[in-house]
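Got your viewer open? Let's take a walk through this protein, one selection at a time.

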Amino acid sequence: MRILSGIQPSGRLHVGNFFGMMEPAIRLQDEGEAFYFIADYHSLTTVHDPGTLRGNVRDVAIDFLACGLDPAKATFFRQSDVPEVTELTWLLSTVTPMGLLERCHSYKDKTSRGLEATHGLFAYPVLMAADILIYDSEVVPVGEDQKQHLEVTRDIAGKFNHRYGEVFVIPEPRIRGDKAKVPGLDGQKMSKSYDNTLEIFAAEKALRKKIMGIVTDSTPVDEPKDPAGSIIVDLYRLVAGEAEVEAMEAEFRAGGVGYGDFKKRLFGAFWEHFEPMRARREELLADPGYVDGVLASGAERARAVARATLDRARAACGIGGAP
Ligand code: ADP
Ligand code: TRP
């Protein structure tokens, strides 16, 4: 089974990224041939400072490895180290109906938040389709919000295959049943763009401050509280065991414990959950050559696969000499 996923280096990784995409991807590396990449071409639609982009790529590489991506099992690389993907994007764009892209929520969301309506932002899903199709991917682990992009990819692959013959594998999204939509500190979807994230590797003080700052209602300490829909409980569920969550829910209902205490418990569970990954991250930070080496050998492996698919696609549509 060929598995593929990508993540944009558009800021520090947060627990939404972790539970929605990284953890499932890391688990899948034991089940098939995994390709995971850092989508730096995609990030050009939102990150416009070259130094920031390079720094973000490095941070994402270190953080993903710290979380358990194993380069002995998964091919890990930078999207732009395989420039073949941009040529495939063009071939795919010639079969992509405008209407398909016009329906994409993510373009509408981003422009309504004030991002410039560039062609790159509009054509973003075509590059994403090329990412997926160029590695003959069968399974794509992503969070709930990427579902529509996967549907677009399947449509584009189908159009190309219909016009030119069976060139591409049609991929399946793999969206986990639970934790696919992690709430942010304000109750909206957790996202870098909403400034409501808990970063996986935030410093202790900053993380404590963010958690203690979660806005709650003004129910007094002694009164019963409703655990349903509480962000504290929802976030606790991500990092605590079932029995611990049930205990917290019972204490919510019983009254007698204030929100401040629940938040302290959330912080403790969170800090403990990511402890081993923080330790691994310290080791990686001390060994920059290792990270460069992982990305370089990943790129080499990925590029060989990409080249073969691109050649197949070029030949199918009559680009270049006879095959
Ligand atoms: P952001 O919204 O913070 O910019 P990205 O769009 O870069 O995050 O998402 C990277 C990956 O993490 C995607 O697979 C996405 O589905 C997943 N993801 C992002 N936010 C969440 C969330 N709140 N819950 C679950 N998965 C998420
Ligand atoms: N669009 C994805 C996101 O914002 C990142 C991405 C780019 C991706 N190419 C991909 C994800 C290919 C899965 C497969 O999260």
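Start by selecting residues 2-7, which form strand 1. Five of its six residues are buried, so the strand is largely enclosed by the rest of the structure. Here, buried means under 20% relative accessible area, with a 1.4 Å probe and protein chains only. Helices (H or I, at least four residues) and strands (E, at least two) are DSSP runs, numbered from the N terminus.

A quick word on what you're looking at: this is a predicted model, where local features need pLDDT of at least 70 and side-chain atom pairs count only at pLDDT 80 or more, while totals for chains, interfaces and linings use all residues. Residues are numbered from 1 along each chain as its sequence is written, and side-chain values use heavy atoms, without hydrogens or water.

Now add residues 33-38, strand 2. Strands 1 and 2 pair in the parallel sense over six bridges; to count as paired, two strands need at least two DSSP bridges between them. Click on Ser5 and you'll find Tyr36 of strand 2 opposite. To get from strand 1 to strand 2, the chain passes through helix 1 (residues 15-28), making a right-handed β-α-β crossover. Right-handed means that, with the strands pointing away from you, the path from the first strand over the helix to the second runs clockwise.

Next, the open spaces. On a 1 Å grid over the protein atoms alone, a pocket is an open set of points with protein on both sides within 12 Å along at least five of seven lines, and a cavity is a set where a 1.4 Å probe fits but cannot get out; lining residues have an atom within 4 Å of a point.

Select Gln8, Lys110, Asp145, Gln146 and Lys189: of the 45 residues lining the largest pocket, these are the closest to its centre. The pocket holds about 1,200 Å³ of space. Strand 1 turns up again here, among the elements that give two or more residues to this lining.

Which element gives the most to the lining of the second largest pocket? Select helix 7 (119-133): it supplies seven residues. This pocket holds about 310 Å³, and Tyr124 is one of the residues closest to its centre.

Last stop: the one cavity of 30 Å³ or more, with a volume of about 40 Å³. Select Cys104, Ser106, Tyr107, Lys110, Leu121, Tyr124, Pro125 and His149 to see its lining. Helix 6 (105-112) and helix 7 each supply at least two of these residues.

Methods
Chains lettered and ligands numbered in written order. Points joined across faces, edges and corners; volume = space filled by probe spheres on them. Buried < 20%, exposed > 50% of the residue type's maximum accessible area, 1.4 Å probe, protein only.
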